[in-house]
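Reader: I would like to go through a model feature by feature. For each one, give the general idea and then the case at hand.

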Amino acid sequence: MAVSGMHRLPERRVAHLAGRVAAKSALLHHLAASGVRLVAQELGISQVMAGPEQGRPVVQVPPGTPACDVSISHSKDLAVAVATTGGRVGVDLEAVQPRGPGFHDEVFTDVEQDWLMHCQRHHGREPDELWSLGWCLKEALVKRTGHGLRDSLQQVGFTGWEEHGPLSAVIPGLTDAPGAFCVRITLNSTGPGRETLSGLLALGRGYALAVLHVPEARPA
Ligand SMILES: CC(C)(COP(=O)(O)OP(=O)(O)OC[C@H]1O[C@@H](n2cnc3c(N)ncnc32)[C@H](O)[C@@H]1OP(=O)(O)O)[C@@H](O)C(=O)NCCC(=O)NCCS
C-alpha cells in the first residue's frame, strides 16, 4: 500500500491543480508571444522542496527554451498565475473580506496604512477592498522573493505606488464586470533587498489581485 498526497482536502487539491493549469497556460502564452511555441506536456512545474524558498514553484522547460519564472495564487473559485522569462514574479489573489484594526496593525506599517486609506478615498472604493489589495501586495512581494510568510510582513513593504493608467486588456472572471478597477503600477519595496517593481492592481467581482515583476539584475 502507498499513501501520498500534497493536500488532504479535496478542495485544496482542486485549487492546487487549477493553479498548475493556470501556470502552464500563462507560460505557453508568454513563450508564444516571444516566438517559442510549446505544448503543455513539454513544460514541468515542480516546487522548491527545502530551504528558505520552500514551496516556490519551479519551471522545467525543454533545452534551448529561455528560463522562466512563474507565480501562482488561488482563492475561492479562481486560480491565477503569472509567468516571465526575465526576472521574477509574484502574484496574489484574495476574496475581498472585512479585516479588523488588529489585522491592519499586524500587517501594515503606519506609512502603508496612511497610503491605503488615502487611495481608498482617492478611488472611491470600499475600505475592505483597499485593505485586501494591500494584503495582496504584501503577499506578492514575499512570493517574488520565494520567502513567503517566513518574512515579516512589517519588514517587507512599500511606501506607496505610482499609477500608470488602466490596463487595456480585461482579466476574465475579475475585471469583466461593471465597477472593476485595474491599474498598472510601479513601486519600491522597503526592507531587505529593496527593489523597483512593476505590475498591476485589480479589483472586481469581489476579488483583489496584485501582480509584481522585478526584472533580472543586469551584470555590473
Ligand atoms: C506562499 C504563501 C504566501 C501563499 O499563501 P496563500 O495566500 O495561502 O496562498 P495562495 O493561493 O496565494 O498561493 C499558494 C501558492 O503559492 C506558491 N508558493 C508556495 N510557497 C511559496 C514560496 N515560498 N514562494 C513563492 N510562492 C510560493 C505555490 O504555488 C502555492 O500553490 P500550491 O500550494 O497549490 O502549490 C504562504 O503559503 C507561505 O508563506 N508559504 C511559505 C512559508 C510557510 O509555509 N509558512 C508557514 C506559515 S507561516
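Author: What follows takes domains, ligand shell, core and single residues in turn. The model is predicted.

Reader: Into which domains is the protein divided?

Author: The division gives domain 1, residues 10-85, and domain 2, residues 90-214. Their C-alpha centres are 22 Å apart.

Reader: How is the contact between two domains described, and how many residues does each domain give here?

Author: In general, the size of an interface is often given as the accessible area lost when the parts come together. Here the description is by residues: domain 1 puts 15 into the contact and domain 2 puts in 17. On the domain 1 side, β3 (69-75) and β4 (78-84) each contribute at least two residues. The largest share of that side is from β4, with five residues. By class, the side of domain 1 that touches domain 2 has six nonpolar, six polar and three charged residues.

Reader: Which residues come nearest to the ligand?

Author: There are 20 residues around the ligand, and the nearest are His16, Gly55, Ser73, Gly148 and Leu149. Two or more residues of the shell come from each of α1 (10-33), β3 and α4 (127-145). With four residues, β3 gives the most to the shell. The shell is made up of 10 polar, six charged and four nonpolar residues.

Reader: Where does the ligand lie with respect to the two domains?

Author: Residues from both domain 1 and domain 2 enter the shell, so the ligand lies between them.

Reader: How should I read a nonpolar core, and how many residues has the largest one here?

Author: The general idea is that in soluble globular proteins, nonpolar side chains tend to be buried together. In this model the largest nonpolar core has 49 residues, and Val70, Ala81, Ala83, Cys136, Leu209 and Ala210 have the most contacts inside it. The elements that supply two or more residues to this core include α1, β3, β4 and β5 (88-95), along with β10 (207-214). The most come from α4, which gives nine residues. Each of domain 1 and domain 2 provides at least three residues of this core.

Reader: What does Ala81 touch?

Author: Leaving out residues up to four places away in sequence, the contacts of Ala81 are Gly19, Ala22, Ala23, Ala26, Val70, Ser71, Ile72 and Val91.

Reader: Is Leu93 buried or exposed?

Author: The count of surrounding C-beta atoms decides, with 20 or more within 10 Å needed for buried. Leu93 has 25 such neighbours, so Leu93 is buried. Leu93 is in strand β5. Beyond four places in sequence, Leu93 contacts Ser73, His74, Ser75, Leu78, Val80, Cys136, Tyr207 and Leu209. Trp131 is 38 residues from Leu93 along the chain, with 13 Å between the C-alpha atoms.

Reader: How many C-beta neighbours does Phe103 have inside 10 Å?

Author: Phe103 has 12, and therefore counts as exposed. Phe103 belongs to helix α2, residues 101-107. From Phe103 to Leu153 is 50 residues in sequence and 11 Å in space, C-alpha to C-alpha.

Reader: Where is Ser75, and which residues does Ser75 touch?

Author: Ser75 is in strand β3. Ser75 is partly exposed, with 19 other C-beta atoms within 10 Å. Outside its neighbours up to four places away, Ser75 touches Leu93, Glu94, Ala95 and Tyr207. Glu11 is 64 residues from Ser75 along the chain, and their C-alpha atoms are 11 Å apart.

Reader: Which phi value does Lys76 have?

Author: As background, most residues other than glycine have a negative phi. Lys76 has a positive phi of about 50° although it is not a glycine. Lys76 sits in the loop between β3 and β4. With 12 other C-beta atoms within 10 Å, Lys76 is exposed. Arg205 also has a positive phi, near 55°. Arg205 is in the loop between β9 and β10. Arg205 counts as partly exposed, with 17 C-beta neighbours inside 10 Å.

Reader: What does the UniProt record annotate at residues 88-169?

Author: The unreviewed UniProt entry carries the annotation "domain: 4'-phosphopantetheinyl transferase" for residues 88-169. In the model this span is 49% helix and 18% strand, and its end C-alpha atoms are 22 Å apart.

Definitions and conventions: Residues numbered from 1 in each chain as written. Predicted model: local features only at pLDDT ≥ 70, side-chain atom pairs only at ≥ 80, totals over all residues. Domains from an automatic or database assignment. Contact = placed C-beta atoms within 7 Å. Nonpolar A, V, L, I, M, F, W, Y, C, P; charged D, E, K, R; others polar. Near = placed C-beta within 6 Å. Core = buried A, V, L, I, M, F, W, Y, C linked by C-beta atoms within 7 Å. UniProt positions renumbered as here; feature names shortened; annotations may be inferred.
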